[in-house]
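Student: Got a minute to go through a model with me? I'd like to talk about helix packing and a loop.

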Amino acid sequence: MRKNRLSVVVVIIVVFLIGSFFVEKKESAKEKLPTVGVLQFVSHPALDQIYKGIQAGLKEKGYEDGKNMTIAFQNGQADQSKLATMSQQLVQEKKSDVLIGIATPAAQALANTTTEIPIVLGAITDPVSAGLVKDNQKPGGNITGVSDKSPVDAQFDLVTEILPKSKKVGILYASSEENSKYQVEEAKNVAEKKGLSVKTYAVPSSNEIAQTVQVMTSEVDFIYIPTDNTIANAMQTVVNEANKTKTPIIPSVDTMVEQGGLATVGINQFDLGVQTGKMAADILSGKAKPATTAIYTFKTGDIIVNQKQADKLGISIPEKIKSKAKIVD
C-alpha cells in the first residue's frame, strides 16, 4: 500500500515538473519575442497615419504585433520631458530591439538615449540638419530611416496653376522645430524663383498661431505651411482664421488638405509609414544595418485637392489639375 502511495506521489511530482518545464519554456518563448519600440511626438492625423503605416509595413514583412513580435508604443503629446522619459522606458524597461521615432523631436529623444539600439526615423525632413545622421546616403551610426521631404518645387508649380493671380505668400512655421527652419529657406528660394514675394511668420508656440494667422491674412495672398508638427497639430485653428478672409492655405501634407487646406503635392503619410515599417523589419531580421542603409526619400508626390474648400473660397480648380488629382471634401 505504501509502495502504491509512493508511486502516486512520484508520478504527481514528475507530472508537475514536466508541466512546469513546458510553462517555463512557453513563458521563455514569450520573452524572446522581438520588440519594436515606437515613440510618436504628438497625436495629429498625419503622424497617426504614419503609425498605422508602420504596423502595416511590419506585417507586410512578416512581423505582426502579438503574434511573433511586440510593438511598444509611446506618445509624448508634444511634451519634451515626456519624450525623454518614454525614450528611457523603451530602451531600459521594454528592452526594444529596434526603435522608431515618428517626427523629429521623438527621433532626437531616442538618439539622445541610445547609440547602440538601431533607430529608424519616421517622417524626418532632413536628418542631417536635425543632427541625427552624418550623411543621408551613408548614415554611419545606429540611425537610418525615411524622410518626409516634400516636393516643394512641384507645390509652387501647383500654386501658379490654381492661384495664378497670387503675388504674396506667407510661410507659417514654428520656430522651435529645426526641420521647419530648413524647409522655410527652401520654400522661400523656390517661391522667389517663381516670381512670388515671400514673408515668413514664425510662432514660438501654438498659443500665438491664431493671432499670427490673423496678421498674415491681411498681408499675403495665400499661406504656405511646411511639414511642421506644431502647426499641423493646430491646423483647425489656422483654417478657421484663414477662412474668415477667404485666404487659401497650401500645406505640405495630404492630411492637412483634408483638414481644410486648399491643395498640395504631397507624400501619402500612410505610405511613408509603410516604408518606415519595412525598413525596421529588415533591420530586425538582420537583412540591413542602419550605418549602411541610406535615408529613403520619396521621388514623387500626389496632387491632393479639397474641392469643398475650393468652393468655399470661390476658387475654380482647372480641369487638367482635377483630372489627375485626388479629390477630398
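Tutor: Sure, one term to start with: buried means under 20% relative accessible area, exposed over 50%, and partly exposed in between (1.4 Å probe, protein chains only). This is a predicted model, where local features need pLDDT of at least 70, side-chain atom pairs count only at pLDDT 80 or more, and totals for chains, interfaces and linings use all residues. Residues are numbered from 1 along each chain as its sequence is written, and side-chain values use heavy atoms, leaving out hydrogens and water.

Student: OK, where is Q77 found?

Tutor: Q77 sits in the loop between strand 2 (70-75) and helix 3; helices (H or I, at least four residues) and strands (E, at least two) are DSSP runs, numbered from the N terminus. Phi of Q77 is near 50°, a positive value in a residue other than glycine.

Student: And how exposed is Q77?

Tutor: Partly exposed: Q77 has a relative accessible area of 42%.

Student: What about phi of A78?

Tutor: A78 also has a positive phi, near 65°, and is found in the loop between strand 2 and helix 3. A78 is partly exposed, at 39% relative accessible area.

Student: New topic: at what angle do the axes of helix 3 and helix 4 cross?

Tutor: Roughly 50°, with the axes of helix 3 (residues 80-93) and helix 4 (residues 104-111) coming within 9 Å. Axes are lines fitted to C-alpha atoms, for helices over the stretch in contact, and angles run from 0 to 180 degrees between N-to-C directions.

Student: Which residues make the contact?

Tutor: Helix 3 brings Q80, L83, A84, S87 and L90, and helix 4 brings P105, A106, A109 and L110; contact means heavy atoms within 4.5 Å.
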